[in-house]
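Reader: I would love a close look at a single part of this model, starting from a side chain at the surface. Please take me on from there in one connected account, and explain the terms as you go.

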Amino acid sequence: MKTAKRLEGIGEYYFSQKLREIDEMNKAGKQVINLGIGSPDLPPHPDVIKTLHEEALKQNHHGYQNYKGSPVLRNSISKWYKKWYNVELDADTEILPLIGSKEGIMHICMTYLNDGDFVLIPNPGYPTYRSAAKIAGADIVEYKLKEKNNWFPDFNELEKVLETSQSLPPKTERFRGGLMFVNYPHMPTGQLPSREFFVRLVAFAKKHNILICHDNPYSFILNDSPLSLLSIDGAKDVVIELNSLSKSHNMAGWRVGMLVGAKQRIDEVLRFKSNMDSGMFLPLQLAAARALALEQEWHDEVNKVYTKRREKVFELLKILDCSFDENQAGLFVWASVPSNFKDGYELSDKVLGDSNVFITPGGIFGSEGDKYIRTSLCTTEEKIEEAINRMKIKVNV
Ligand SMILES: Cc1ncc(COP(=O)(O)O)c(C=O)c1O
């Protein structure tokens, strides 16, 4: 049996492959320290786990759930958006809980993209935008993010990309074929958004009749001012936003995310999603609602841990002679590799081979990331310290 054409050019996800290689090294006794993947190792708040436990004990909480999610969770998302982002969302019509924001990316591509429609994706950027859009049959149009522009798109270039794109569809149907993924705080570079940039982005989307999907899972990590693209005036006309509890509430394995935006967009995406899956386990939704009610103190505690780890990662990157901006948000530190290495892949392979430490090569996020590496903060200080010691032995400092 041959695989479907739509899988042509889609390989196994990089980390899925790499983790297998690391497993093999561990089986051979190498004790690899994995500074690659961004899966929070800290637990959720104890009240969240308690809620899950208590609600799971109830006899009537085990059936299929509403496709649009529990009203308790939708109300808590609405309050959360108001409190932290100052965005008003109607809990009944403008919120769609998701089984993680990653699945939302696929739903959005399947909802809006036809064969040959174009989708703008950031280079470097989260690899799932590309693969989901490709599976949906769209033409990928990359927009480059460069360090000299603080990892923001150059709007003049974006205009040119749109003008010259062969696949630019007729602008007859609203949003047809015009989808753009944007993600700030940006992964992998850690760049924070600015309100001015967001205002320009919304104006750009309106001018070109493009639907922007803003992916916003990192706004609480090492950042005191969470910002939503929907907080910009008039944004709901052209913006939908993905958010997630994976990073902000240490719940990556729980799979709780959300799509928010205008009622019409939510209804459109629900048409696809409700044919693919069902509502999440109710106790999990109620526990997620508890998580969203946590106060600033929770985020401060989590960020205190990441701040200390980040100091250690800075130390490690200095040993490797990498340079980096110290004001990055999110779960990673993005750093440029020294000139004696061809690219991040070469440095990553060397560090893995010499010190049994895995660091992600920036090239997996797109060609603009080739000269960079990304180090995760999801490992204990002790482990990062051990990685530093292994590297010191190798470079004799
Ligand atoms: C930029 C970005 N978007 C989305 C996701 C997916 O998050 P989740 O599906 O856990 O909500 C990730 C996870 O690493 C990410 O880095």
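**From the surface inwards**

Author: Glu326 has a relative accessibility of 42% and so counts as partly exposed; here, buried means under 20% relative accessible area, exposed means over 50%, and partly exposed is what falls in between, with a 1.4 Å probe and protein chains only. Please keep in mind that this is a predicted model, in which local features need pLDDT of at least 70 and side-chain atom pairs count only at pLDDT 80 or more, while totals for chains, interfaces and linings use all residues. Residues are numbered from 1 along each chain as its sequence is written, and side-chain values use heavy atoms, leaving out hydrogens and water.

Glu326 sits in the loop between strand E9 (323-324) and strand E10 (332-336); helices (H or I, at least four residues) and strands (E, at least two) are DSSP runs numbered from the N terminus. On the surface, Glu326 joins Glu147, Glu311 and Asp325 in a patch of negative charge. To belong to a patch of this kind, a residue needs over 30% relative accessible area and no salt bridge, and like charges are joined within 9 Å. Asp and Glu count as negative.

Follow the chain on from that loop and you come to strand E10, which holds Ser336. In contrast to Glu326 with its 42%, Ser336 is buried, because its relative accessible area is 15%. Setting aside residues up to four places away in sequence, Ser336 touches Cys322, Ser323, Lys371 and Tyr372, where contact means heavy atoms within 4.5 Å. Asn114, by comparison, is 222 residues from Ser336 along the chain, and the C-alpha atoms of the two are separated by 37 Å.

The part that I would most like you to look at closely is Asn123. This residue belongs to strand E3 (residues 118-123) and counts as buried, because its relative accessible area is 1%. Its partners, with neighbours within four places in sequence left out, include Glu142, Tyr143, Lys144 and Leu145. Asn123 is also in contact with Phe365, Gly366, Ser367, Glu368 and Gly369. The peptide bond that joins Asn123 to Pro124 is cis, with omega at about 5°, and Pro124 itself lies in the loop between E3 and H5. Most peptide bonds are trans. A cis bond also runs from Met187 to Pro188, where omega is near 15°; Pro188 is placed in the loop between strand E5 (178-182) and helix H7 (195-208).

One of the partners of Asn123, Glu142, leads us on to the charged pairs. The side chains of Glu142 and Arg130 meet in a salt bridge, with N to O at 2.2 Å; the term covers a side-chain nitrogen of Lys or Arg within 4 Å of a carboxyl oxygen of Asp or Glu. This pair links distant parts of the chain, with Arg130 in helix H5 (residues 127-135) and Glu142 in strand E4 (residues 139-144), 12 residues apart. Arg130 is partly exposed at 33%, and Glu142 is partly exposed at 29%.

In total, the structure holds 24 salt bridges. Among them is the pair of Arg290 and Asp47, with 3.0 Å from N to O. Arg290 lies in helix H9 (residues 282-292) and Asp47 in helix H2 (residues 46-56), so this bridge ties together parts that are 243 residues apart in sequence. Arg290, at 29% relative accessibility, is partly exposed, as is Asp47 at 28%. Another bridge joins the side chains of Glu88 and Lys82 at 3.1 Å, N to O. There, Glu88 is exposed, with 54% relative accessible area, whereas Lys82 is partly exposed at 35%. Glu103, Lys273 and Asp277 are linked in a network of salt bridges.

Two backbone details round off the tour. Most residues other than glycine have a negative phi. Gln31, however, has a positive phi near 50°, and its place is in the loop between helix H1 (14-27) and strand E1 (33-35). Asn356 likewise has a positive phi, near 55°, in the loop between helix H11 (344-355) and strand E11 (357-361). Their surroundings can be set side by side: Gln31 is exposed, with a relative accessible area of 58%, while Asn356 is buried at 16%.

Note on methods: Patches are made of residues with over 30% relative accessible area and no salt bridge: like charges are joined within 9 Å, nonpolar side chains (Val, Leu, Ile, Met, Phe, Trp, Tyr) within 5 Å. Accessible areas come from the Shrake-Rupley method with a 1.4 Å probe; for residues, only the protein chains shown count as cover. The place of a charge is taken as NZ of Lys, CZ of Arg, CG of Asp or CD of Glu.
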